[in-house]
Amino acid sequence: MTSKTPVELLPRPANVSRRGFVGGLSAGIFGAVASEAAGAETLADVPDRGPGADLSAHSERSRFAKLDRIPEATPGKRNVDPGDAINSKTPHQKLVGNITPTDLHYERSHSGVPDIDPAQHRLLIHGMVSKPLVLNVEDLKQMPSVTRVVFIECTGNGWENWKKADPDVTVQNTHGLVSTNEWTGVPLKFLIDLVAKDKGSKWMLAEGGDGAGVDRSIPLTDEIVNEAFVAYGQNGEPLRPAHGFPMRLVMPGFEGNLNIKWLRRLKFGSEPWMTRWETARYTQLLANGKARQFQLRMETNSVITQPSGMMQIQPGYNRISGLAWSGHGKIAGVEISTDGARTWKPAQLSQPVLSKAQVRFQMDWAWDGKPTKIVSRSTDDHGNVQPDRQSFIAAMGTNALFHYNAQQTWSIDEAGRVRNVLA
Amino acid sequence: MSSHDKLLLAGILTAGLLAAPALAFDFGRPATPQEIKLWDIDVGPDGKGLPDGSGTAVQGKQIFADNCAACHGDNGQGGIKDRLAGGQGTLASNMPVKTVGSFWPYATTLFDYIHRAMPYPTPGSLSTDETYAVTAYILSLNGIVPADGKVDKESLPKIKMPNRDGFIPEPEFDPARLFRKK
């Protein structure tokens with residue numbers, strides 16, 4: 001933060017107390033518990049210091065910070081019994097910075113989370129190779145490693161808003177299927193050299209050890225060969241089971257389903273296999289009845305997380321903050337409109353801005369108390385601009401169901417209520 | 001050290017660098033053909049990978065009732081999970097119904113998917129013949145093979161699914177063009 005704080009920059013209307021505006025923001029970041037607790041009117045009200053709890057084997061989150069994902073069955077079927085859920089969404093409205101906490105990284109599985117003993121897990125690499133190999137986790141840990149901050153995004157992210165906008169949803173509902181973690185593992189290139197891949201092999205099948213045996217055909221472009229890796233580490237620790245323990249493929253910038261979890265097989269071949277996932281499932285049905293296939297890269301995207309759906313703001317100073325990301329590379333800039341996409345102002349990006357990772361953006365804003373709409377628009381270093389909803393739907397129709405990256409608009413009424421709208 | 005020795009040393013070092021791939025099997029161990037066969041289950045659209053065996057739609061009807069109908073409904077419709085039959089002609093409407101018959105481009109994918117992932121509670125529990133039979137039955141529900149039809153590794157890749165030509169590859173990753181541009 002610079003010495004010029006936002007408070008100095010922008011005069012606050014006299015009718016808004018500091019307590020009111022802090023309370024509004026707190027509800028977003030710390031959740032219901034913080035706003036229920038009695039506040040400290042003066043410093044004398046702040047509880048005395050004293051000896052705290054014993055140290056422990058691992059650090060738990062404060063009981064005052066309520067952070068939970070939302071298990072979901074299909075669009076609109078939320079907070080379901082975990083046994084009925086097919087995904088679990090990240091609470092972006094309560095997070096700060098660029099990295100998603102490990103336990104809040106979104107989760108999507110197609111046959112539950114297998115309980116894998118790493119001592120018994122094996123990775124088979126075979127097909128068009130000279131030296132088919134069987135590897136275990138310890139073998140991977142012995143190899144040269146890369147560590148990289150990467151977003152992973154479910155192709156279904158944004159599925160709430162394809163056909164209509166439910167006003168009573170949060171950004172967790174609309175955009176909770178993307179998260180950013182630091183992943184550690186072995187470069188795919190190293191494994192390719194190890195098994196002496198045939199030069200004629202241009203495709204790779206990656207298969208998981210889950211009940212569904214999820215498998216995808218991956219084109220071995222230079223970019224993918226140079227950037228993909230088999231990860232065993234997540235934010236400095238072993239992968240969590242929900243995220244692929246003991247090993248998963250990480251495909252920076254590519255759709256979540258390609259980042260095969262519980263990886264147990266890499267097979268090299270000459271053509272794609274046309275698995276269920278790349279034919280019947282993760283393809284984009286256009287209005288004319290044809291479907292786009294092999295739309296593997298995630299698009300240039302952004303969303304305002306603060307203030308966002310179901311929050312309430314006060315007139316005067318407000319800080320707008322959100323996340324931007326692109327499967328093409330780095331975010332070059334984010335613009336924010338506070339007048340329904342009529343005029344735009346550049347937002348600040350939180351460093352570091354990393355390729356194929358989410359980055360936080362922010363901007364000061366003085367709300368005049370009149371109903372309006374706020375929206376963000378990102379541009380990446382390849383010149384891709386996040387589309388407005390109208391042109392996006394004109395190109396994709398409303399049946400595609402995957403790869404939604406239209407600009408997200410939040411409406412604000414005269415009472416400061418923030419609601420989801422289409423534009 | 002004589003210049004000859006230096007040359008010799010340089011030669012040894014170079015040989016050592018070139019021989020680096022010999023270290024490959026320090027990681028893991030070679031996979032044997034027998035064990036690869038255990039896991040090598042994928043099936044391509046050309047039928048590569050399909051095992052010997054066969055099954056009929058008539059056989060498949062009972063196997064489906066016993067293993068699949070609880071989730072997918074009788075006749076592959078009306079269940080709690082994906083609808084498997086019908087929907088042809090709806091893809092360009094406001095309410096597209098994506099089923100095996102209306103959407104899937106390859107019949108080989110159906111065998112592969114049933115074999116690897118179904119029945120959901122016990123994936124891989126159906127025999128090869130049973131998997132062929134259920135495949136034939138689901139195809140028959142969609143009018144793609146006759147009610148008394150039979151499929152095997154020869155016939156399955158030859159089936160032209162109704163929506164075979166319904167897919168447009170993204171230009172960046174179009175398999176037909178991707179590695180042939182240069």
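The largest nonpolar core of this predicted model holds 83 residues. The members that touch the most other members are A:L135, A:L140, A:L191, A:L266, B:L139 and B:L156. Helix α6 of chain B, which covers residues 128–141, gives the most to this core, with seven residues. One of the well-connected members, B:L139, can be followed further. Leaving aside neighbours within four places in sequence, B:L139 is in contact with B:V100, B:A107, B:L110, B:I144, B:V145, B:V151, B:L156, B:I159 and B:M161. A second core is separate and has 26 residues, including A:M298, A:A324, A:V334 and A:V353.

Chain B can now be taken as a whole. Chain B contains six helices and four strands. Along the sequence these elements follow the pattern α-β-α-β-α-α-α-α-β-β. Of the 182 residues in chain B, 40% are buried. Contacts in chain B between residues at least 6 apart in sequence include 57% that join residues at least 24 apart. The area that chain B exposes is about 10100 Å², and carbon and sulfur atoms supply 58% of it.

A record adds an annotation to this chain. In an unreviewed entry, UniProt places the feature "domain: Cytochrome c" at residues 55–142 of chain B. Over residues 55–142 of chain B, 45% of the chain is helix and 2% is strand. The C-alpha atoms at the two ends of this stretch are 17 Å apart.

Two helices of chain B deserve a closer look. In helix α5 of chain B, residues 107–117, ten of the eleven residues are buried, so this helix is largely enclosed by the rest of the structure. Those buried residues are B:A107, B:T108, B:T109, B:L110, B:F111, B:D112, B:Y113, B:I114, B:R116 and B:A117. What do the buried residues of α5(B) pack against? They pack against α6 of chain B and, in chain A, against β8 (203–208), β9 (215–219) and α8 (276–281). Helix α6 of chain B also holds B:T131. B:T131 has a relative accessibility of 1% and therefore counts as buried. Not counting residues up to four places away in sequence, B:T131 touches B:F111, B:I114, B:H115 and B:L126.

The two chains also share a sheet. This open sheet has three strands in the order β14(A)-β15(A)-β4(B), with mixed pairing. Its edge strands are β14 (284–285) of chain A and β4 (167–169) of chain B, each of which pairs on one side only. Strand β15 of chain A, residues 291–293, pairs with β14(A) in the antiparallel sense over two bridges. In this pairing A:L285 stands opposite A:A291 in β15(A).

The last topic is charge. Side chains of opposite charge can pair when their charged atoms come close. Over all chains, the count comes to 33 salt bridges. One of them joins A:E223 and A:K356, whose closest N and O atoms are 2.5 Å apart. A:E223 lies in helix α7 (residues 222–227) of chain A, while A:K356 lies in the loop between β20 (348–349) and β21 (359–367) of chain A, so the pair ties together parts that are 133 residues apart in sequence. A:E223 counts as partly exposed at 23% relative accessibility, whereas A:K356 counts as buried at 1%.

Another salt bridge is formed by the side chains of B:E172 and A:R297, at 2.5 Å from N to O. B:E172 lies in the segment after β4 of chain B and A:R297 in the loop between β15 and β16 (301–306) of chain A, so this pair joins two chains. B:E172 is partly exposed, with a relative accessible area of 32%, but A:R297 is buried, with 8%.

Within chain A, A:R417 forms a salt bridge with A:D413, with 2.8 Å between the closest N and O atoms. A:R417 counts as partly exposed at 37% relative accessibility. Salt bridges that share partners also join A:E207, A:D215, A:R265, A:K267, B:D40, B:D42, B:D112 and B:R116 into one network. B:D112 and B:R116 in this network were met above among the buried residues of α5(B).

Definitions and conventions. Residues are numbered from 1 along each chain as its sequence is written. Chains are lettered from A and ligands numbered from 1 in the order in which they are written. This is a predicted model: local features need pLDDT of at least 70, side-chain atom pairs count only at pLDDT 80 or more; totals for chains, interfaces and linings use all residues. Side-chain values use heavy atoms; hydrogens and water are left out. A nonpolar core is a set of buried Ala, Val, Leu, Ile, Met, Phe, Trp, Tyr and Cys residues joined through side-chain atoms within 4.5 Å. Buried means under 20% relative accessible area, exposed over 50%, partly exposed in between (1.4 Å probe, protein chains only). Contact means heavy atoms within 4.5 Å. UniProt positions are given in the numbering used here, feature names are shortened, and annotations may be inferred rather than shown by experiment. Accessible areas come from the Shrake-Rupley method with a 1.4 Å probe; for residues, only the protein chains shown count as cover. Two strands pair if DSSP finds at least two bridges between them. A salt bridge is a side-chain nitrogen of Lys or Arg within 4 Å of a carboxyl oxygen of Asp or Glu.
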